[in-house]
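I open this notebook to record what I looked up in one structure. The entries go from the surface of the whole chain to a single residue.

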Amino acid sequence: MICSTNNNTIFAYLPIFLFIFSATSTLITYAISLGSHHVDEVPFVSETGGIPPESCIFTFAMNIIGVTLMLNVYVRYNLVLLWNTQNHTVTVVNRMALFAGFISAIGVIIAGDFSVVASLWVHNIGAFFAFFIGGGYTLLQTVITFHTRPRFSTTRLFLIQSAIVIGLFIT
């Protein structure tokens, strides 16, 4: 297992890296596309990666984000395996979350590799996987958080995740 010892604390930084890299790469591609007059002032994120040179950076960044997301999903899956010793519901939901997380990450890669300009249809399929299946992944993780309270999570974390899930599905 990838998370079976305390020596693997580097994996704790994966979500932080994912957040910082995602935000930074989005801002960089936005700045380049705005400076090149390829987009309006407030475009959709995908529009900032439609025309070279920013499309190359966008594609590269989305591939890194997708792979990092897969690593995050796999690490979380293994952590839940370590925590869960008896609850069958958690085992089933954890497997579903692994599948949904991987599909979501593949969607990120597809959306990044097929630009809005070149292939809107394929890009939208990738975006659907990334956002809607990713929302399902977030919901499944919230269920896991609920079922692993109080030993491995808290009610406060469950409520925060619940608010995020509600926000995802409202917007």
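Entry 1, surface. I looked up the accessible surface of the protein chain, which comes to about 10300 Å². Carbon and sulfur atoms hold 72% of that surface. I note that the model is predicted.

Entry 2, secondary structure. I counted five helices and zero strands in the protein chain. Read along the sequence, the pattern is α-α-α-α-α.

Entry 3, dimensions and burial. I took the extent of the C-alpha trace along its principal axes, and the protein chain spans about 55 × 35 × 25 Å. The protein chain has 171 residues, and 37% of them count as buried.

Entry 4, contacts. I considered the contacts in the protein chain with a separation of 6 or more. Of these contacts, 61% are between residues 24 or more positions apart.

Entry 5, charges. I looked up the 5 positive and 5 negative charges of the protein chain. Their mean positions lie 39 Å apart.

Entry 6, a nonpolar patch. Which residues form a nonpolar patch on the surface? I found Ile10, Tyr13, Ile16, Phe19 and Ile20. Together they have about 600 Å² of accessible area.

Entry 7, one member of the patch. I then turned to Ile20, which is placed in helix H1, residues 14-35. Why does Ile20 count as partly exposed? Its relative accessibility is 47%, and partly exposed covers the range between under 20%, which is buried, and over 50%, which is exposed. Ile20 therefore counts as partly exposed.

Notes. Residues are numbered from 1 along each chain as its sequence is written. This is a predicted model: local features need pLDDT of at least 70, side-chain atom pairs count only at pLDDT 80 or more; totals for chains, interfaces and linings use all residues. Side-chain values use heavy atoms; hydrogens and water are left out. Patches are made of residues with over 30% relative accessible area and no salt bridge: like charges are joined within 9 Å, nonpolar side chains (Val, Leu, Ile, Met, Phe, Trp, Tyr) within 5 Å. Accessible areas come from the Shrake-Rupley method with a 1.4 Å probe; for residues, only the protein chains shown count as cover. A salt bridge is a side-chain nitrogen of Lys or Arg within 4 Å of a carboxyl oxygen of Asp or Glu. Helices (H or I, at least four residues) and strands (E, at least two) are DSSP runs, numbered from the N terminus. Buried means under 20% relative accessible area, exposed over 50%, partly exposed in between (1.4 Å probe, protein chains only). Contact means heavy atoms within 4.5 Å. Lys and Arg count as positive and Asp and Glu as negative; His and the chain ends are not counted. The place of a charge is taken as NZ of Lys, CZ of Arg, CG of Asp or CD of Glu.
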